[in-house]
Each structure stands twice: as C-alpha cells, then as structure tokens.
Amino acid sequence: MKNDDVESPLLAAAAADDDHDVDDNHPAAGSSFALACAVAASLTSIIYGYNRGVMSGAQKFVQLDLGVSDGEIEVLIGATSIYSLVGSLAAGWACDRAGRRRTIALSAAMFFAGSAATAAANGYAALMAGQLVAGVACGFGLVVAPVYIAEIAPPSSRGFLASIPEIAGNSGILLSYIADFALAGLPMSLNWRLMIGIGAVPPLFLAAAALLAMPETPRWLVLHGHHDDARRVLVRTTGGDAALAERRLQEIVSSVKESAKQQVASAGGGGGSTSVWRDILVRPTPAVRRVLFAILGLQFFQQASGVAAMVLYAPRVFNHVGVTSEHAVLGATILLGVTKTVSIVVPLFLADRLGRRPMLLSSAGGMAVSLLVLGFSLRVSSSPGSDSEWWAAATSVAAAAAFMATFSLGFGPVIWMYGSEILPLRLRAQGTGIGTAANRVMSAAVGMTFISLYEAVGMAGTFYLFAACSAAAWVFVYACLPETKGRSLEEMEALFDAAQPTSPAPPSAS
C-alpha cells in the first residue's frame, strides 16, 4: 500500500520540515497537532448535530407544505435513528477495513447526499429516502469521530480532545435552531428546504480535510503493519519527542500482538471481522464482557433520559405549557441550544482533572432533579386556573435549560469518551459501533413514541418517567463503572480484568 493511502498529502509534506518546525522541548506542538486533527474530525459531529436538530423547527413547515401528519412526522424523525443504527454497525467494519480517515470522508459524502435529497423532496417517500441516506451518515459520524480522536490523542489530553465532538455536535444543533429561527419567515415552500439544504455545505469541507490534511491513526497503522507511518504520526503528536513516540509505538505493537494471541487462542478459525464479532458477542473475556456492559448501559441511559425528546420536540413541549408565539417558541428552543453548547465546554477542561465518574454522577443527579421540576411545572400548567400559567411556562423553560446543562456536563460528552477509551484496540471500532447502535435504538424508541406517549400518560407523566431513568443512571454509574482518568488505552483491558466493576480503580500517573 502506498504511503499516500495511509497518510494525508499535507501531513507527508509537513513531515519533511519537522526537524525545523518542532522543538523536542516543546511537547505543546504535539498537542496542537492532535488538537487540529480532533477539530477536523469533529466537523463530522457538527454536521450530525445540524441534521439532528434542524427538524425540530422545520417539521411544522414540512407538515404544512407537504401535508404530512403527526404520525408520519413521528415515524420520519424516529426512523432517522434506525437508519443511523445501520450506519453505526457498518461504520465499525469500514473503520477497520478502510481506515479511520477514509471512513470520515465517506461519511461526508453521505451527509452531502442526504441533506440535498431531503431538501429537494416533493413528497413523504422522498423525505424518507433522503433521511435514509442522512441517517446512515449520522451513524458513521457517531462512530468514527470518537474512535479517531481517542487513537490520535496523547493520554494526558485525551479527555480534553475526546470532548470536542460532543461540543461540535451541540454547536451543530444550536446552528440548526438559529437557522430555523432565521428562515421561518420565508415562504413556506422555501423555508424548510433552505433549513435542511444548508446542511449539504459543511460536508464538502469535511471531505477536503479528511483527504488532504488528516493523518491515519497510529493504532490503525500498526494494526495493518505500517509501523514507519505510525511512528511518523506519533512523533508529531508528541511534539517531536522521538523517544516518547518510540515508547508509545512499542506499547501499541505489544497491545496488537497480545490481541493477536487472544484471537488465535479464542476458538481458532475464522478471521478478521468474524473473529472480532465472536470476541465481542459470542466468547468475550470477563474484561470484555464488563467493558461491553459498561458501554451498553451508558448508551441506554443517555437516551432513556429523554434528551432526544427535548432536542426534537422542544417546540411541542413549550406549546403545551402555554408558549404559543412562533418566535417565542423558537427563541426558547435557541435558549436550550445555547445552554447545551455552553455547558458542554465544562467537561473539556474538567474530564482529565476530576475524572469520568464524578462528572457522570453529577450529571445524572442534576438531570433527575431538573426533569422532576419540569414534570411538576407541566402538571401545574395543565391544572385549571390561569394564575399559575406564566409561572409554569417560565419554570418549564428554566427546567428544560437546566436539564440540557446538566446533561452536557457528563452524559452528553463523557459517555462517548469513556466508551471509546475502554475498548481493547482490536475491538475498538466495532465495539464502538455496537454502543452507538444501542444509542440509536433508544433514540429511535424515544423519537418514534414521544407524541404517542405524552398523549397516553400526559406530558408531565412522560417527563417523570425520564426523571426515573436518570435516577437509575446515577445508580448504574456508582455501582458499575471504574475510573479511567490518566490511564493509557493499552491499560484499559487490564483495569476491567483486574478490578471489580463496582469499585473504581485509582488513576495512574500520566
């Protein structure tokens, strides 16, 4: 395989100048390089967030323009998560076969096609076709960005860099809310098409970045025998420290050899993708079983908290509580997007200081309390009498914003960080795909049943259910997840193998 196939042209050109541009005594240069790679990969998350959030404000105009019913819009929105389930499962295979970098470029192409097709739709069937392509792209984006960043980032800054995709995703959601608000006043046959069609522009930049500026990850390169290319990338991510790069390379090589030994020992026969699935689902080691349990539990509880309902149906919630002005509803929705995006910055700086467990526990507790308050205010608003209507509306908006903020402190970004770092190297891409698939199933369940659920048990009762799930999430984190702060990726399997899942292991020095 040629060098250009595993390394970006711009990286290859820059590598020749490393001796002059990078001082061995300034490892911050390596952090800057890893940061640039993480930001480029996170364009995937911005596009995902925009595609996810834009239907919140566009759905009303789609219904009026194309004659789509509430039931059809519920299926359309929920089905996108089912499509992304397919994408997330396929993405693990693509990451392992084609590489992380080229899978990012593939997801960009699908995002472009899906947004363009949806914006041009002239009926419900065409909408579903466009959302099929966009949904598969979303599944790819959810898998490949966390895997790429976890593998390109140095251990000391992995928590910081791994939070960037979640920040980018929330920024994409916020941008979609702003686009909905800004374009709502245009003619109905045009406004929703522009809202959705804008999402076809960023994938062009993502594809260019993936093909021209981003390197392949060292761990994928080692896994496929490209040790020299892996060493070159590691030198850049360590700020030119050749000795440190060589030490990390040997750690990765040792991890790959150990995985290969386990593959040979685990029921001989079958190779490649088949043996990976067997090692994850059929005959996992105790450590892999605990890792998979942790990942699936976190993904389940993230969506069981009802975040998809708030992202996709916030205008309906605010209408229910008495906010009826179109501009007021969209303005309140933008407030949620701003709160979610601003709050997501906090884990960027604290994940590597406080650790993963404290942030997840704080997040789950805050989510449960804010959802209880939201449910109470919704119940008050539905009671007879108008004296409490203004108070209930204000409290509902404030509680929804508090939920978005506490969600973003932990269960938004940290579960992706935690899941991508605890999987063994050989199982990482497809294991991340399984976790993402579980996330998409739960997201689809919430998205496709929210309207029916609140019609059956009431809006307040629905959010009480979400509050109960958030409380259960707190118990799960407290009882089952060890701390991973400061540990290298190669140490994670030993951590889950040696430690009881109910007792957090003390972090090692970076």
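A salt bridge is a side-chain nitrogen of Lys or Arg within 4 Å of a carboxyl oxygen of Asp or Glu. In this predicted model, Asp228 and Arg231 satisfy that criterion, with their closest N and O atoms 3.0 Å apart. Both residues belong to helix α13. They are three residues apart, about one turn of the helix. Asp228 has a relative accessibility of 53% and therefore counts as exposed. Arg231, at 28%, counts as partly exposed.

Helix α13 carries another such pair. Arg232 forms a salt bridge with Asp229, and the closest N and O atoms are 2.9 Å apart. This pair also lies within α13, with three residues, or about one turn of the helix, from one partner to the other. Arg232 counts as partly exposed because its relative accessibility is 30%. Asp229 has a relative accessible area of 10% and is therefore buried.

The structure holds eight salt bridges. One of them joins the side chains of Asp96 and Arg100, at 3.2 Å from N to O. Both Asp96 and Arg100 are buried. For Arg100, the relative accessible area is 0%. A network of salt bridges links Asp96, Arg100 and Glu151. Arg100 is found in helix α6, which spans residues 100-119. The C-alpha atom of Arg100 is separated by 8.3 Å from that of Ala145, a residue 45 positions away along the chain.

Cysteines were examined next. A disulfide is a covalent bond between the sulfur atoms of two cysteines. The count of disulfides comes to zero. Cys37 has a relative accessibility of 3% and so counts as buried. Cys95, at 0%, counts as buried.

Internal cavities were then considered. The model has five cavities of 30 Å³ or more. The largest cavity has a volume of about 390 Å³. Its lining comprises 28 residues, of which Tyr48, Leu142, Glu166, Gln302 and Trp416 are the closest to its centre. By class, this lining has 15 nonpolar, nine polar and four charged residues.

Several helices contribute to the lining of the largest cavity. At least two lining residues come from each of α4 (28-66), α7 (124-152) and α9 (164-183). The same holds for α16 (286-304), α17 (307-320), α22 (414-422) and α23 (428-457). Domain 1 (32-214) and domain 2 (283-496) both give residues to this lining, so the largest cavity lies between the two domains.

Helix α22 is itself enclosed. Nine of its nine residues are buried, so α22 is largely enclosed by the rest of the structure. The buried residues of α22 are Val414, Ile415, Trp416, Met417, Tyr418, Gly419, Ser420, Glu421 and Ile422. Of these, Trp416 is among the residues closest to the centre of the largest cavity.

The second largest cavity has a volume of about 60 Å³. Residues lining it include the segment members Glu151, Ile152, Ala153, Pro154 and Pro155. The lining also takes in Pro218, Arg219, Leu234, Thr237 and Arg248. Helices α7, α12 (218-223) and α13 (227-237) each supply at least two residues of this lining. By class, the lining divides into six nonpolar, one polar and three charged residues.

Some elements recur across these features. Helix α7 supplies at least two residues to the lining of the largest cavity and at least two to that of the second largest. Glu151 lines the second largest cavity and is part of the salt-bridge network with Asp96 and Arg100. Helix α13 contributes to the lining of the second largest cavity. It also holds the Asp228 and Arg231 pair and the Arg232 and Asp229 pair.

A further contact involves helix α14. Val253 lies in α14, which covers residues 242-265. Val253 is buried, with a relative accessible area of 9%. Val253 and His227 are 26 residues apart in sequence, while their C-alpha atoms are 8.6 Å apart in space.

How values were computed
Residues numbered from 1 in each chain as written. Predicted model: local features only at pLDDT ≥ 70, side-chain atom pairs only at ≥ 80, totals over all residues. Heavy atoms only, no water. 1 Å grid on protein atoms, 1.4 Å probe; cavity = no way out; pocket = protein on both sides within 12 Å on 5 of 7 lines; lining within 4 Å. Points joined across faces, edges and corners; volume = space filled by probe spheres on them. Helix = DSSP H or I, 4+ residues; strand = E, 2+ residues; numbered from the N terminus. Nonpolar A, V, L, I, M, F, W, Y, C, P; charged D, E, K, R; others polar. Domains from an automatic or database assignment. Buried < 20%, exposed > 50% of the residue type's maximum accessible area, 1.4 Å probe, protein only. Disulfide = S-S within 2.5 Å.
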